[in-house]
Amino acid sequence: MRAYHLETFGTIEGIVLRDGGPSRPVPAGPTGIVVRVRAASLNKRDLLILHERYPLSATPGVVPLSDGAGEVVAVGEAVTRFAVGDRVSCAYFPHWRDGRITPELVGQPGCTFDGMLAEYAVLDEQWAVRVPDHLTWEEAATLPCAAVTAWNALTGGEGGAPLPGQSVLTLGTGPVALFAVQFAKLLGCRVISTTSSEEKADRLKALGADAVVNYARTPQWGAEVRELTGGLGADLVVETGGPDTIEQSVRASSLYGQIALLVTASAARSGIEISHAAYASSLATIRRVFVGSRTQFESMNAAIATSGLRPLIDRVHPFEEAREAYRGYAGDAPFGKVVIRIGE
């Protein structure tokens, strides 16, 4: 079994491919399952882990990547949730099943224990989630982090999901924002997106965005969002920019809007600042979002399966080029997910 391991932090060269020998792993205990991983995908958190800038400290030598999908090839004698041949992924927070997360539930694959950049993954049955049948392995491998985050941002608030016809604002073209566009349209919402690229604006519209604001041409884009919503503002903002965008997001929000905040620091700013002028005129609720629970993953997959939604993939690398996938992901701005195919 071959697997990549994060042996040295701070450099992509520290991600090393090891050959563990010809034997296939066996389930770790009576409720364990073994998954033949078919594809895995990268997230920003994987670069943060590599460079030791992630909130959790990674285990030295850990197998990277939280996101992956494959089929169950072996089960322990007490397994009831899955059978050999089932198509599954691992939850981002395997111990967080539902409700609110607590500190003892924050362990993650690809960080505190082995992730999905391997030919086989050994999981507990409670960690795994079935993936929609219509998705390819590459598409299924994109779901655990960015997709669940977008789903939680849209549906996880105390008031539930926005209603059909309400407006959702997404920022940029990162994976969470792209999933948010798709999910918001699936929910029947009107979507306004921001970008600085005319080419990406066209792609956002093709994905489903009803209107796109160029934030490079219009730095005070919050006002334009309000104009596009008849002066009312966006009912929900999926806030993926953090300190660099929060001021305009508050100005773009409706009076009682929701702002799902994902990022709280950036390269230029170490924290969130909102001016008195912006927040004094708003009663918007800001809700911090950090991926989601297994139950949210499962409800998202049910919506994907029913709608036939397909994730966007920018490019796919073979398993042997995992480090090249890291380099490309770190060096450009893909429109969609970067995926690593693991076998056939």
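Which elements each supply at least two residues of the lining of the second largest pocket? I will come back to that after the sheet and the helices. One caution at the start: this is a predicted model.

The sheet, then. There is an open sheet of six strands, and its order is β10-β9-β8-β11-β12-β13. The pairing is parallel. At the edges sit β10, residues 211–214, and β13, residues 285–288, each of which pairs on one side only. From one strand to the next, the twist averages 20°.

Take the β13 edge in detail. Strand β12 covers residues 253–261 and runs parallel to β13, joined by four bridges. One specific pairing is L261, whose bridge partner in β13 is R288. Please keep R288 in mind.

Now the helices that lie across the strands. Helix α4, residues 175–186, lies across β8, β9 and β11. Its direction is at about 165° to β8. Helix α5, residues 198–207, lies across β9 and β10, and here the angle to β9 is about 160°.

Next, a helix pair. Two packed helices are described by the angle between their axes and the distance between the axes. For helix α3, residues 143–155, and helix α9, residues 294–307, the axes come within 10 Å and cross at roughly 85°. Angles of 65 to 115 degrees count as roughly perpendicular, so α3 is roughly perpendicular to α9. On the α3 side, the contact involves L143, P144, A147, V148, W151 and N152. Those residues meet Q296, F297, S299, M300, N301, A303 and I304 of α9. By class, the contact of α3 with α9 has nine nonpolar residues, four polar and no charged.

On to the pockets, starting with the largest. The volume of the largest pocket is about 1,700 Å³. It has 48 lining residues, and the closest to its centre are K44, T240, G241, V263 and A265. Two or more lining residues come from each of α1 (44–50), α3, α4, β9 and α10 (322–331). The largest share is that of α1, with four residues. The lining of the largest pocket divides into 25 nonpolar, 16 polar and seven charged residues.

The second largest pocket has a volume of about 520 Å³. It is lined by 26 residues, and N152, G156, G157, R287 and R288 are the closest to its centre. So much for R288: the bridge partner of L261 is also among the residues closest to the centre of this pocket. N152 likewise appears both in the contact of α3 with α9 and in that central group.

Back to the opening question. The elements are β12, β13 and α9, each supplying at least two residues of the lining. β13 gives the most, with four residues. The class counts for this lining are nine nonpolar, twelve polar and five charged.

Last, the enclosed spaces. Searching the whole structure gives three cavities of 30 Å³ or more. The largest cavity has a volume of about 50 Å³. Its lining consists of L6, I15, R45, D46, I49, L50, V62, P64, L65, G110 and Y326. What gives the largest share of that lining? α1 does, with four residues. By class, the lining of this cavity has eight nonpolar residues, one polar and two charged. Helix α1 therefore gives the largest share to the lining of the largest pocket and to that of the largest cavity.

How values were computed: Residues numbered from 1 in each chain as written. Predicted model: local features only at pLDDT ≥ 70, side-chain atom pairs only at ≥ 80, totals over all residues. Heavy atoms only, no water. Axes fitted to C-alpha atoms, helices over the stretch in contact; angles between N-to-C directions. Parallel < 35°, antiparallel > 145°, perpendicular 65-115°, else oblique. Contact = heavy atoms within 4.5 Å. Nonpolar A, V, L, I, M, F, W, Y, C, P; charged D, E, K, R; others polar. Pairing = 2+ DSSP bridges. 1 Å grid on protein atoms, 1.4 Å probe; cavity = no way out; pocket = protein on both sides within 12 Å on 5 of 7 lines; lining within 4 Å. Points joined across faces, edges and corners; volume = space filled by probe spheres on them.
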